[in-house]
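Work through these exercises with the sequence and the 3D view side by side. Try each task before you read its solution.

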Amino acid sequence: MKREDHEMRKKINDIAVSVVVPIYNVESWLAECLDSLEKQTLKNIEVILVNDGSTDNSKTIAEQYASRNDNFTLISRKNGGLSAARNTGLDMATGEYIYFLDSDDYILEGTLERLYSISQKKNLDVLKFVAYMFMEPSRELNWTSGGGYKYKGQYPEIYKGIDALQMFIDNGDASYPSCCLIFSKREIIERNNLRFREGIVNEDNLFHWQLMSLSERVAILNEPLYCRRLRAGSITQTYDWLNRNRSMCISVEDADAFIEAHPEIKGLTTDRYVYFFISSMIENWKSMSRVWKIKSILDVLNQ
């Protein structure tokens with residue numbers, strides 16, 4: 001579907017939320033993900049399925065859902081990675097709010113309606129929430145300090161994004177940067193030309209920090225609405241130290257450029273999050289074998 005057709009759909013149907021689902025070789029889990037979107041109680045949504053060059057039956061499954069749901073659109077592209085697929089969906093999105101859902105996970109039935117209602121009522125730029133976790137083949141959903149995503153601190157107010165980031169540090173909380181746990185106004189992303197950095201892993205860390213740093217109204221909902229599947233072979237479970245180290249190097253460079261473009265965010269909080277990128281790079285380096293360290297140096301020299 002062309003961008004012009006999406007804009008017309010928005011005018012006619014008043015799209016509340018655009019859901020972007022990147023798809024790559026997830027035939028065993030895709031139906032459960034898309035079933036959860038079909039069952040959403042919020043109906044004025046558009047679901048943008050981005051098939052990122054899948055070589056299994058994922059595209060066929062996605063076609064079935066797109067054919068039976070008028071608000072599901074399938075876009076197929078050459079494989080470019082998770083960031084590129086998300087950016088493709090973001091470029092097509094027309095909703096007031098944007099949400100990214102990984103194609104091997106799923107959300108609870110009333111998730112989008114709850115997130116949309118809170119965001120509308122409080123006029124939020126960003127609403128962060130948390131997740132259950134389950135380990136295949138078990139179906140048991142866990143939400144404890146040992147399994148699942150849960151804030152330890154209390155966050156009852158509406159905050160500037162950069163203040164929320166500092167509060168996470170003060171409370172010893174993880175910031176949970178996964179874009180699957182971020183419900184945001186599309187306008188703030190477009191106004192600031194935010195996109196996922198293509199060609200790297202752990203791209204959510206950079207995108208989340210950039211979005212939060214520029215957001216004026218952020219709320220935290222310490223309630224699990226997302227169900228994250230842990231499985232062997234997923235991007236986040238595969239430790240390619242060379243790629244991880246390279247990705248963090250790029251993130252540090254991008255962070256530096258972002259700060260120069262937005263000097264208003266300079267300060268201790270920003271310094272601490274940039275230090276996180278740097279320390280992650282160092283830890284990745286320590287975890288690499290001597291052979292991989294040499295390959296990493298050669299990779300940098302050949303750029």
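Contact here means heavy atoms within 4.5 Å. The model is a predicted one.

**Exercise 1.** Leave aside neighbours within four places in sequence. Which residues are in contact with Leu37?

Solution. Start at Leu37 and apply the contact cut-off of 4.5 Å. The partners are Val19, Val21, Ile45, Val47, Phe72, Leu101, Ile107 and Leu112. Now place Leu37 in its setting. The largest nonpolar core has 85 residues, and Leu37 is one of the four that touch the most other members, with Val17, Tyr99 and Trp209. Strand 8 (residues 218–230) gives the most to this core: seven residues.

**Exercise 2.** Find the order of the eight strands in the open sheet. Which strands stand at the edges?

Solution. Read across the sheet: 3-2-1-4-7-6-8-5, with mixed pairing. Strand 3 (72–77) and strand 5 (106–107) each have a single partner strand, so one side of each lacks a neighbour in the sheet. Next, take one pair from the middle of the listing. Strand 6 (residues 126–135) and strand 7 (residues 182–185) run antiparallel, joined over three bridges. One bridge links Lys128 to Ile182 in strand 7.

**Exercise 3.** What span should helix 8 have, and how far apart are its end C-alpha atoms?

Solution. Helix 8 covers residues 203–214, which makes 12 residues. Take 1.5 Å times one less than the number of residues. The expected span is 16 Å; the end C-alpha atoms lie 17 Å apart, which agrees. Finally, check burial. In helix 8, 12 of 12 residues are buried. Among them are Phe207, Trp209 and Leu211, but also Glu203 and Asp204.

Notes. Residues are numbered from 1 along each chain as its sequence is written. This is a predicted model: local features need pLDDT of at least 70, side-chain atom pairs count only at pLDDT 80 or more; totals for chains, interfaces and linings use all residues. Side-chain values use heavy atoms; hydrogens and water are left out. Two strands pair if DSSP finds at least two bridges between them. Helices (H or I, at least four residues) and strands (E, at least two) are DSSP runs, numbered from the N terminus. A nonpolar core is a set of buried Ala, Val, Leu, Ile, Met, Phe, Trp, Tyr and Cys residues joined through side-chain atoms within 4.5 Å. Buried means under 20% relative accessible area, exposed over 50%, partly exposed in between (1.4 Å probe, protein chains only).
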